[in-house]
Amino acid sequence: MAHQITLFPGDGIGKEVATATRRVLDASGVKIDWEEFEVGAEAFLKNKEYVPREAYESIERTRVGLKGPTATPIGGGFASINVALRKKYELFANFRPIKNLPGIPTRYPGVDLIIVRENTEGEYVGIEHEVVPGVVESLKIITEKGSTRISKFAFQYSRDFKRKKVHAVHKANIMKMSDGLFLACARKVARDFQEIEYKESIIDATCMQLVMNPYQYDVLLMENLYGDIVSDLCAAFVGGLGLVPGANLGHECAIFEAVHGSAPDIAGKNIANPTALLQSGVLMLHHIKEHAAAERVQNALEFVYRRKKDKLTKDVGGPASTSEFADAVIESLSDPAAQAPYDPSAETVAATK
Ligand code: NAI
């Protein structure tokens with residue numbers, strides 16, 4: 001039976017990277033009925049709606065979405081479509097794996113981190129007002145329910161995927177009540193997962209420690225704002241935002257998305273790199289329990305990075321277009337050499353020291 005998936009290509013390079021991703025996923029052998037909708041700033045200019053009603057209805061039916069980047073609307077509308085979707089569908093867990101791709105020059109070979117960010121609370125509730133002219137108040141909301149829910153997600157993921165250590169990242173030394181509550185919930189949940197080492201780490205020191213030695217961390221659990229910042233910091237370990245996947249997960253619904261923006265400077269030129277959305281597509285295949293296909297796509301993608309450098313896009317040093325890159329990944333899906341097991345850490349290039 002075919003999987004129903006809602007696809008939001010998004011703005012700018014969104015259509016190009018979504019087309020490439022869709023072609024690869026369709027070639028993976030998994031049957032997908034795509035329900036595709038225009039969302040974002042370009043959709044607003046055409047239809048006067050950032051997200052049409054049919055798009056919401058689709059996601060409520062399929063419960064699984066794949067989303068390209070959307071430009072943040074200017075002059076009204078949502079603060080951000082991403083934030084709106086996360087709130088509407090209670091996509092409380094932002095999940096970002098940080099792992100090197102072979103052949104991408106980095107100061108940090110062999111990184112393997114998981115970032116679990118609370119996606120619905122903290123400063124991002126957007127409750128701000130001007131108290132008196134020149135004084136603005138912005139509220140940070142932390143709840144026991146939200147903090148417990150995200151902590152359970154991080155620990156359960158660690159148990160399921162045999163991760164060894166969870167660090168709760170906080171600033172409870174200063175924000176004693178809000179971050180204090182977050183930590184208290186994390187500690188309580190940790191007690192039910194005795195086989196996983198539980199540690200706590202102050203956000204500023206964590207940033208320094210990450211840059212000094214990211215290998216000391218395994219799973220990082222944090223509230224919204226810290227998670228937003230730290231997940232971009234960690235993306236730099238493996239080549240930047242153009243490469244890393246992301247997922248927004250709730251109990252009812254999941255949306256997988258590229259974390260980079262709509263890149264208006266290169267939109268429409270068929271030169272954007274679809275790797276981030278394709279890797280998000282791999283996470284999506286795992287989510288719909290198509291594990292074998294997910295691995296095939298990941299192997300094919302990594303094979304292109306390892307062995308077909310003439311098929312890489314310009315941002316990662318190659319000469320190829322978006323569609324040529326997608327063609328190469330599709331070809332590698334059925335190449336036995338691409339599907340053979342290999343040790344990624346052995347091939348990662350440490351180009352700069
Ligand atoms: P951006 O990520 O779109 O671009 C930053 C730089 O990275 C540009 O030089 C761009 O060409 C390059 N780049 C980004 N993705 C690439 C890819 N896949 N392949 C090759 N090069 C790539 O960030 P920027 O310029 O700050 O934002 C542009 C728009 O995107 C804004 O409207 C912003 O609000 C929106 N945005 C949307 C996001 C989302 O929907 N998840 C996330 C970040 C920004």
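Of the residues around the ligand, which come nearest? In this predicted model, the ligand is surrounded by 19 residues, of which Thr-72, Gly-261, Ala-263, Asp-265 and Asn-273 come nearest.

The polar contacts of the ligand include those listed in the table below, with the part of each residue that takes part.

| Residue and its N or O atom | Ligand atom | Distance |
|---|---|---|
| His-260, side chain | nitrogen | 3.4 Å |
| Ser-262, backbone | oxygen | 2.9 Å |
| Ala-263, backbone | oxygen | 2.7 Å |

Ala-263 thus appears both in the list of nearest residues and in the table, where a backbone N or O atom of Ala-263 is 2.7 Å from a ligand oxygen. The accessible area of the ligand on its own is 810 Å², and the protein covers 63% of that area.

A second topic is helix 8, which comprises the twelve residues 224–235. At 1.5 Å a residue, helix 8 should span 16 Å, and because its end C-alpha atoms are indeed 16 Å apart, the model agrees with that expectation. The buried residues in helix 8 are Asn-224, Tyr-226, Gly-227, Val-230, Ser-231, Cys-234 and Ala-235. These residues cover an arc of only 155° around the axis, so they lie on the same side of helix 8.

Among the elements that cover the buried residues of helix 8 are strand 4 (93–99), strand 5 (112–118), strand 8 (165–170) and strand 10 (219–222), together with helix 6 (178–190) and helix 7 (203–212). At the N-terminal end, helix 8 is capped by Glu-223, of which a side-chain oxygen lies 2.9 Å from the backbone nitrogen of Leu-225.

Technical notes. Residues are numbered from 1 along each chain as its sequence is written. This is a predicted model: local features need pLDDT of at least 70, side-chain atom pairs count only at pLDDT 80 or more; totals for chains, interfaces and linings use all residues. Side-chain values use heavy atoms; hydrogens and water are left out. Helices (H or I, at least four residues) and strands (E, at least two) are DSSP runs, numbered from the N terminus. The expected span of a helix is 1.5 Å times one less than its number of residues. Buried means under 20% relative accessible area, exposed over 50%, partly exposed in between (1.4 Å probe, protein chains only). The arc is that of the directions from the helix axis to the C-beta atoms. Contact means heavy atoms within 4.5 Å. A polar contact is a pair of N or O atoms within 3.5 Å; within protein, one must be able to donate a hydrogen and the other to accept it, and residues adjacent in sequence count only if both atoms are side-chain atoms. A residue is near a molecule or strand if one of its heavy atoms lies within 4 Å of it. Accessible areas come from the Shrake-Rupley method with a 1.4 Å probe; for residues, only the protein chains shown count as cover.
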